[in-house]
Amino acid sequence: MTGRIRWQSARSILSPVSGFLREAGFTHSLTPSRNCTFGCTYCYVPTMRVHGGLKREDWEHWGQFTTFKENAAALLAKELRPDMAIYCSPLTDPYQPAEAEVRMMPVLLEAVHARPPRRFVIQTRGTLVLRDIELLRHPSIRVSFSITTDDDTIRRRFEPHCAPVAERVAALSALSAAGIAAFATLAPLLPCDPEALTSLAVRATPNALVGDPLHVRAVKPGGATTRPGAFRILDHHRQSEYADPAWQAGLIERLRAAAARHGRRFGVGPEAFGWLAE
Ligand code: SF4
């Protein structure tokens, strides 16, 4: 294995979606690179293996390198259509650390400005998104910003290469203050104080709150699921209830009630992700 950043040519850049994203109202996904240098311990993408378009070295060395699609912008300019609702990305974070060097997103966003789809949703936890704030000002573009816990000790355990909670809340606030349609995505839900997490989110965005618990095989027998590393961390810290579907349902209800007290909607699954696609 050589190099943290690699390049490869792609045959196409927009993929028709099925399942969860289709149910949410998206038509296509855009994945600018394979593998993600955030390398979160719970990331479901490497569990998809070839079904996530990965090569063996991607799932065996998740987070250690990433392969950008060198012709992504040219392909996007050709493939964009006005009726599309695009999710960027279910398979990588478009503002992963490697993007600071590569600067692919500004070029992709310029293509979106030139030929706007109905909706273009950026899913990220990268505060680097602020670099492109001027290019995010477009009625088709929304940013779904992941904040997974209110507790930075927990954040360090599960996603040590992601920005601290306070910096992420500040980034979401800055996007909102700039007039960009920015949403707090409380997903996957890591150990947290649900009322405190809700308070952070409602202060940072005026929009509905989107959530999702850690995926577990007990309720999802096939397809993508949480990486084993995250379950080991939960076990080690005696917090395995966060992987118990019944307990997760209670957590979701606490978040829903907390959001309602702030006059906000909170939802999970395709229904809530559908609010991004609207
Ligand atoms: S940022 Fe998203 S795609 Fe990247 S490793 Fe974390 S969960 Fe996976």
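Is Thr-205 buried or exposed, and how many other C-beta atoms lie within 10 Å? This tour reaches that residue after an overview of the chain.

**Setting up the view**

The model is a predicted one, in which local features need pLDDT of at least 70, side-chain atom pairs count only at pLDDT 80 or more, and totals for chains, interfaces and linings use all residues. Residue numbers start from 1 along each chain as its sequence is written.

Display the whole protein chain first. Its secondary structure comprises 12 helices and 11 strands; helices (H or I, at least four residues) and strands (E, at least two) are DSSP runs numbered from the N terminus. Along the principal axes, the C-alpha atoms fill a box of roughly 45 × 40 × 30 Å. The radius of gyration of the protein chain is 18 Å, which agrees with the value near 19 Å for a compact globule of 278 residues; the radius is taken over C-alpha atoms, and the globule rule is 2.2 Å times the number of residues to the power 0.38.

Of the 278 residues, 47% count as buried. A residue is buried if 20 or more other C-beta atoms lie within 10 Å of its own, exposed if 12 or fewer, and partly exposed in between, with C-beta atoms placed from the backbone. Among contacts between residues at least 6 apart in sequence, 77% join residues at least 24 apart; two residues are in contact if their C-beta atoms, placed from the backbone, lie within 7 Å.

**Stop 1: Thr-205 and helix α9**

Select Thr-205, in the loop between α9 and β10. Thr-205 is buried, because 22 other C-beta atoms lie within 10 Å. Leaving aside neighbours within four places in sequence, its contacts are Leu-172, Ser-176, Ala-182, Phe-183 and Ala-184. Measure from Thr-205 to Ala-181: the C-alpha atoms are 8.5 Å apart, although the two residues are 24 apart in sequence.

Next, select helix α9 (residues 194–204), where Pro-194, Leu-197, Thr-198, Leu-200, Ala-201 and Ala-204 are buried. These residues lie on the same side of α9, because they cover an arc of only 160° around the axis; the arc is that of the directions from the helix axis to the C-beta atoms. Add α8 (165–177), β9 (181–189), β10 (209–213) and α11 (245–261), which are among the elements covering the buried residues of α9.

**Stop 2: the three-stranded sheet**

Select β1, β5 and β4, which form an open sheet in that order with mixed pairing. Two strands pair if DSSP finds at least two bridges between them. The edge strands, each pairing on one side only, are β1 (5–8) and β4 (33–34).

Strand β5 (residues 66–69) runs parallel to β1, joined by four bridges, and antiparallel to β4, joined by two. Centre on Thr-67: its bridge partner in β1 is Arg-6, and Arg-34 stands opposite Thr-67 from β4. On β5, Thr-66 and Phe-68 on one side and Thr-67 and Lys-69 on the other are all buried.

**Stop 3: strand β7**

Select β7 (residues 119–124). Six of its six residues are buried, so the strand is largely enclosed by the rest of the structure. Arg-119, Val-121 and Gln-123 point one way, and Phe-120, Ile-122 and Thr-124 the other. In a regular strand the side chains alternate between the two faces of the sheet.

Add strand β6 (residues 85–88), which pairs with β7 in the parallel sense over four bridges; Tyr-87 stands opposite Val-121. Then add strand β8 (residues 141–146), parallel to β7 and joined to it by five bridges; here Ile-122 stands opposite Val-143.

**Stop 4: Ala-100**

Move to Ala-100 in helix α4 (residues 99–102). Ala-100 is exposed, because 12 other C-beta atoms lie within 10 Å. Leu-128 is 28 residues away along the chain, and its C-alpha atom is separated from that of Ala-100 by 7.1 Å.

**Stop 5: the ligand**

Which residues surround the ligand? Select Cys-36, Phe-38, Gly-39, Cys-40, Cys-43, Val-45, Gly-63, Thr-92, Asp-93, Gln-96 and Arg-125; a residue is near a molecule if its C-beta atom, placed from the backbone, lies within 6 Å of it. Coloured by class, this shell shows five nonpolar, four polar and two charged residues. Ala, Val, Leu, Ile, Met, Phe, Trp, Tyr, Cys and Pro count as nonpolar, Asp, Glu, Lys and Arg as charged, and the others, Gly among them, as polar.
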